[in-house]
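Me: I want to go through the ligand site of this model, then its disulfides. Please keep the answers short.

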Amino acid sequence: HLGNETIKAELGRASWMLLHTILARYPEKPTSEEREALSAYIYLFSRVYPCGECAAHFQKLLKQFPPQTSSRIAASQWGCHVHNKVNARLGKEIFDCNEIAERYQCGCEDAEQSDKS
Ligand code: FAD
């Protein structure tokens, strides 16, 4: 059904946008609490994601590629990598992971770099 596919795609775009933006703003030097929070968030996200087929595939991907939480770069590159795995499965273009930092901004203050707006 075309209508449902359109809705599923819209949900996907919104979800990837939020996930990549969270990862792009994740601390460069996270504390162990921050690392646990990100890891828990990603695993819980994979359980509550409302497209069941998508959630099941994503849970398998997480087993193969566990979330990387050691730094902002590790986390955001991991996010790009798993999204590219989904892209490949759906026959979509592969995204250049060097563009992550520029592409995903939050319009908010960076706690570690107060000179940026
Ligand atoms: P999207 O893949 O939504 O990407 C949005 C934008 O993000 C792109 O236009 C591009 O600018 C950028 N982008 C693309 N690749 C990357 C990357 N690697 N890193 C950073 N940015 C990137 N749909 C299904 O039909 N079946 C599924 O099993 C399925 N599983 C999903 C699992 C998850 C966890 C999520 C969040 C979504 C899933 N989707 C699934 C939805 C699917 O991934 C797309 O979001 C949807 O098809 C819309 O695709 P799109 O071409 O608009 O671009």
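Me: Which helices each supply at least two residues of the shell around the ligand?
Reply: This is a predicted model. The shell consists of 25 residues. The helices that each supply at least two of them are α1 (2–24), α3 (52–64), α4 (72–89) and α5 (100–103).

Me: Where does the largest share of that shell come from?
Reply: The closest residues include R13. The largest share of the shell is 7 residues, and its source is α1.

Me: How many charged residues does the shell have?
Reply: Split the shell by class. Nonpolar residues number 12 and polar ones 7. The charged count is 6.

Me: What is the distance from a polar side-chain atom of R13 to an oxygen atom of the ligand?
Reply: R13 is among the closest residues to the ligand. The cut-off for a polar contact is 3.5 Å. From the polar side-chain atom of R13 to the ligand oxygen, the distance is 2.6 Å.

Me: Which side chain has an N or O atom 2.7 Å from a nitrogen atom of the ligand?
Reply: K92 has a side-chain N or O atom 3.0 Å from a ligand atom, but that atom is an oxygen. For the ligand nitrogen at 2.7 Å, the partner is Y104.

Me: How much of the ligand's accessible area does the protein cover?
Reply: The ligand sits in the largest pocket. On its own, the ligand has 950 Å² of accessible area. The share covered by the protein is 84%.

Me: Is the link of C51 and C54 right-handed or left-handed?
Reply: The whole structure has 3 disulfides. One of them joins C51 and C54, with sulfur atoms 2.1 Å apart. The angle about the S-S bond is 70°, and the link is right-handed.

Methods: Residues are numbered from 1 along each chain as its sequence is written. This is a predicted model: local features need pLDDT of at least 70, side-chain atom pairs count only at pLDDT 80 or more; totals for chains, interfaces and linings use all residues. Side-chain values use heavy atoms; hydrogens and water are left out. A residue is near a molecule or strand if one of its heavy atoms lies within 4 Å of it. A polar contact is a pair of N or O atoms within 3.5 Å; within protein, one must be able to donate a hydrogen and the other to accept it, and residues adjacent in sequence count only if both atoms are side-chain atoms. Accessible areas come from the Shrake-Rupley method with a 1.4 Å probe; for residues, only the protein chains shown count as cover. On a 1 Å grid over the protein atoms alone, a cavity is a set of points where a 1.4 Å probe fits but cannot get out, and a pocket is an open set with protein on both sides within 12 Å along at least five of seven lines; lining residues have an atom within 4 Å of a point. A molecule sits in a cavity or pocket if more than half of its atoms lie within 2 Å of its grid points. Helices (H or I, at least four residues) and strands (E, at least two) are DSSP runs, numbered from the N terminus. Ala, Val, Leu, Ile, Met, Phe, Trp, Tyr, Cys and Pro count as nonpolar, Asp, Glu, Lys and Arg as charged, and the others, Gly among them, as polar. A disulfide is a pair of cysteine sulfur atoms within 2.5 Å.
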